[in-house]
Amino acid sequence: MKTITAGHDRPAFFFLLFFLVFLGAIAHACANPVNQILTIEGQRIEVEVADTEQRRAVGLMYRDTLPDNAGMLFVFEQAGRPCFWMKNTFIPLSIAFIKDNAVISSLHTMQPHSTELHCPTEPILYALEMNAGWFEQHGIKAGARVKGLP
């Protein structure tokens, strides 16, 4: 029979405690998204900010609805040409690709569950997903400026 004294378990206990706190912090960050108000052509919208790799990867997947005048803003560390698809996304969406000068470069409509890629034609720093048709319904086109970006 092997006996273990309390002194030998202390490093393992502290490692486990640190690990659990770390996992809790990640869960808290993912479960409590940062919201921000943006304005485009006089239209005020509230967006969830996806500014981490994990939040960008999940995006609006697995959701059944998206409130009117609400969306998700994807924020990237540097300008690039990230592509988007709709795998595991149940809501039809429109996406605006936004350059680092806060100007919309292009708009696309995306269908639920599609693996078709939607890519910007020039480097962008932001992408904004809204309910499908939202940009058209509000007269917003490429060239419009987005105010309130982080």
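This is a short talk on the cross-links, salt bridges and backbone outliers of one predicted model.

Some ground rules. The model is predicted, so local features need pLDDT of at least 70, side-chain atom pairs count only at pLDDT 80 or more, and totals for chains, interfaces and linings use all residues. Residues are numbered from 1 along each chain as its sequence is written, and side-chain values use heavy atoms, with hydrogens and water left out.

Let's start with the disulfide. Here that term means two cysteine sulfur atoms within 2.5 Å. How many does a search of the whole structure find? It finds 1. The partners are C83 and C119, with an S to S distance of 1.9 Å. The angle about the S-S bond is 115 degrees, and the link is right-handed. Now place the two ends. C83 sits in the loop between strand 3 (70-80) and strand 4 (93-98), and C119 in the loop between strand 5 (104-110) and strand 6 (124-131), so the disulfide ties together parts 36 residues apart in sequence. On the elements: helices (H or I, at least four residues) and strands (E, at least two) are DSSP runs, numbered from the N terminus.

Are these cysteines buried or exposed? I call a residue buried under 20% relative accessible area, exposed over 50%, and partly exposed in between, with a 1.4 Å probe and protein chains only. C83 is partly exposed at 37%. C119 is partly exposed too, at 30%.

Next, salt bridges. The criterion is a side-chain nitrogen of Lys or Arg within 4 Å of a carboxyl oxygen of Asp or Glu. The structure holds 5 of them. I will walk through some.

Take E48 and R63. Their side chains meet in a salt bridge, N to O 2.6 Å. E48 belongs to strand 2 (residues 43-50), while R63 is in the loop between helix 2 and strand 3. That pair links distant parts of the chain, 15 residues apart. E48 is buried, with a relative accessible area of 17%. R63 is partly exposed at 27%.

Now R56. Where is it? R56 lies in helix 2, residues 53-58. Its salt-bridge partner is E77, and the closest N and O atoms are 3.4 Å apart. E77 is in strand 3 and R56 in helix 2, so to speak two distant parts of the chain, 21 residues apart. The two ends differ in exposure class: R56 counts as buried at 13%, and E77 counts as exposed at 63%.There is a network here as well. Salt bridges that share partners join E53, R56 and E77.

Stay with R56 for its surroundings. Contact here means heavy atoms within 4.5 Å. Setting aside residues up to four places away in sequence, R56 touches A50, D51, F74, V75, F76 and E77. D51 also appears in a polar pairing. Its backbone oxygen lies 3.4 Å from a polar atom of the R56 side chain. A polar contact is a pair of N or O atoms within 3.5 Å; within protein, one must be able to donate a hydrogen and the other to accept it, and residues adjacent in sequence count only if both atoms are side-chain atoms.

One more salt bridge: E122 with K99. The closest N and O atoms are 4.0 Å apart. Which parts does this pair tie together? E122 lies in the loop between strand 5 and strand 6, and K99 in the loop between strand 4 and strand 5, so the bridge ties together parts 23 residues apart in sequence. E122 is partly exposed, at 28% relative accessible area.

Both of these residues turn up around S105. S105 is in strand 5. It is buried, with a relative accessible area of 14%. Neighbours within four places in sequence aside, S105 is in contact with F97, K99, E122, I124 and A142.

Last topic, the backbone. Most residues other than glycine have a negative phi. Two residues to look at here are N69 and N88.

N69 has phi near 55 degrees, a positive value in a residue other than glycine. N69 is found in the loop between helix 2 and strand 3. Its relative accessibility is 31%, which means partly exposed.

N88 has phi near 65 degrees, again positive in a residue other than glycine. N88 lies in the loop between strand 3 and strand 4. At 27% relative accessible area, N88 is partly exposed. C83, from the disulfide, is in that loop between strand 3 and strand 4 too.

That's the tour. Questions are welcome.
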